[in-house]
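Colleague: I have a model open and would like some help reading it. Could we go through a few features together?

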Amino acid sequence: MALAALWSGMIGSEPDMKPVLLVVDDEEAARYAIGRLFHSDFRIIEAGSVPEARQRLRTDPPDVILLDYDLPGENGLALLKELAPDPAAPAIILITAYGGERLAVEAMKSGAYDYLAKPYDIEELRLVVNRATERQSLKREVEHLRYARAGEGQFGRMTGGSPAMRQLFQTAERVAQSDLPVLIQGESGTGKDVLAQEIHARSPRSARRFVALNCSALPEHLVESELFGYEKGAFTGAASARAGKFEQAHHGTLFLDEIGDMAPATQAKILRAVENGAVERLGGVNTVSVNVRTISASNKDLPQAIRDGGFREDLYYRLAAVTLWIPPLRDRRDDIPALVDLFWRELRAKYSRSGPDMSREAIARLQDHTWPGNVRELRNALERAFVMAHGDSVTAADIQASAAPASSKSSTSLDEPDYREAKRLFEIEYLTRKLRENGGNVTRTAESIGMARQSLQEKIRELGLARP
Ligand SMILES: Nc1ncnc2c1ncn2[C@@H]1O[C@H](COP(=O)(O)OP(=O)(O)OP(=O)(O)O)[C@@H](O)[C@H]1O
């Protein structure tokens with residue numbers, strides 16, 4: 001689907017405008033009768049064939065289409081199948097001939113809003129068209145609300161009130177409604193993964209799977225077996241056949257993380273898979289059709305990688321119909337207070353205690369830092385401050401202390417805790433969760449984790465854990 005269609009889907013929603021009803025029927029008398037029936041509540045447009053309907057759709061997008069199945073040349077179902085996958089598509093009501101039950105089922109499966117079998121009752125027609133119009137207007141209202149929220153700096157689990165992030169969220173909101181392949185670029189920890197998930201969650205594919213593969217974490221031959229799957233006996237150890245990520249993501253979203261690190265041979269194979277909409281399992285002979293929307297991410301500047309000869313240009317154009325750039329945190333320090341607020345609330349929920357308050361000077365200190373590890377580093381620094389701060393309030397010194405713990409000589413980053421601290425953080429998280437699962441009962445918790453009751457008591461004291 002082209003972006004133009006996406007935008008046009010948002011235009012016809014001004015409240016003072018009559019909704020638009022497109023009547024597609026080759027019989028002029030039928031079009032006339034329907035027009036008379038609805039003309040006071042709708043602006044009526046007409047088409048006598050599928051090609052004519054396509055033309056009308058381009059210039060005058062309707063809210064509802066009454067689409068006759070029996071048309072000369074291409075039938076109504078062909079048009080329905082073409083339009084329905086577009087989330088901005090009008091509500092389509094297919095009119096079938098008498099006794100067309102099987103067709104009706106196919107129409108509903110293909111995304112029709114409803115169907116009517118001839119001869120139908122006028123009141124029934126009125127009811128179905130009115131319901132479809134109502135549904136369409138609700139859909140638009142939701143779109144508008146989400147869009148407005150994105151403009152206010154919230155995109156699902158993502159927060160960011162800076163102008164750059166608001167703009168990004170609004171674009172992402174629109175792109176999510178489409179089926180376009182998206183490339184997300186940004187430094188490590190800027191939120192590429194979470195943005196990809198939020199786009200999927202708002203997309204028409206949200207009921208299907210979001211399947212992720214980190215292309216940099218695996219050697220070349222494993223990336224391929226992960227992506228394309230394998231047949232039994234394809235290689236030593238392939239004891240049974242396995243579907244790859246492409247197949248697993250059929251009708252859903254495939255998230256290809258760190259694509260900039262893919263070997264040239266893998267790039268060629270991915271290109272073939274996205275071009276053909278089909279994959280071949282390793283050791284297999286058949287191709288399997290797959291319908292996936294890709295979202296890719298990279299912390300490497302891919303246009304630069306193309307210039308350097310490390311990334312295929314043709315693959316880039318396949319994967320990057322839209323590119324979203326997430327700016328590094330140091331370029332949007334205005335976002336830090338809202339992020340602190342969000343993470344602090346999450347930490348309170350995670351540890352089931354209110355913990356210390358954040359002081360203004362601590363936030364100022366956080367805004368001073370350059371955050372090479374971006375939002376992930378900020379989140380980790382906050383967790384450390386939450387757990388380690390001694391008083392009722394986190395001071396700038398607490399942030400400092402957690403930034404460069406006395407036992408850690410090398411690290412100047414706020415990101416990496418040293419071993420002792422990592423262990424302590426783990427114990428706090430683990431024991432808090434286990435205590436919560438056991439309703440705060442120490443004896444039961446100790447039993448469930450295979451620890452002596454007294455040792456657990458001591459740990460609780462040592463770590464200063466609150467029991468739920
Ligand atoms: N704007 C944001 N609002 C709330 N949380 C965020 C935001 N950006 C990132 N995060 C959080 O920061 C952490 C890191 O984000 P994420 O894993 O998506 O980054 P990434 O860019 O994919 O990193 P990498 O390149 O290392 O894979 C996650 O816990 C994520 O939820």
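Modeller: Happy to! Let's start with contacts: two residues are in contact if their C-beta atoms, placed from the backbone, lie within 7 Å. Keep in mind that this is a predicted model.

Colleague: Which elements help cover the buried residues of helix H2?

Modeller: Strands S1 (20-24), S2 (43-47) and S3 (64-68) are among them, and so is helix H6 (122-151). The residues they cover are Arg31, Ile34 and Phe38, the buried residues of H2, which spans 28-38. Viewed down the axis of H2, these buried residues fall within an arc of 70°, so they line one face of the helix.

Colleague: And which residues are exposed on the other side of H2?

Modeller: There you find Glu28, Ala29 and Arg36.

Colleague: Now the ligand. How many residues surround it, and which are the closest?

Modeller: The ligand is surrounded by 18 residues, the closest being Ser188, Gly191, Lys192, Asp193 and Val375. By type, the shell has 5 nonpolar, 8 polar and 5 charged residues. Domain 2 (153-327) and domain 3 (331-463) each give at least three residues to this shell. At least two come from each of strand S7 (158-159) and helices H8 (192-201), H14 (336-351) and H16 (374-388).

Colleague: Where is confidence lowest, and where is it highest?

Modeller: Helix H1 (residues 3-11) is lowest, with a mean pLDDT of 34, while S3 is highest at 97. Residues 1-16 have pLDDT below 50, and this stretch has 21 contacts beyond near neighbours in sequence. Residues 401-415 also stay under 50. For the whole protein, the mean pLDDT is 85, with 91% of residues at 70 or more.

Key: Residues numbered from 1 in each chain as written. Predicted model: local features only at pLDDT ≥ 70, side-chain atom pairs only at ≥ 80, totals over all residues. Buried ≥ 20, exposed ≤ 12 C-beta atoms within 10 Å, placed from the backbone. Helix = DSSP H or I, 4+ residues; strand = E, 2+ residues; numbered from the N terminus. Arc of directions from axis to C-beta. Near = placed C-beta within 6 Å. Nonpolar A, V, L, I, M, F, W, Y, C, P; charged D, E, K, R; others polar. Domains from an automatic or database assignment. pLDDT = per-residue confidence, 0-100.
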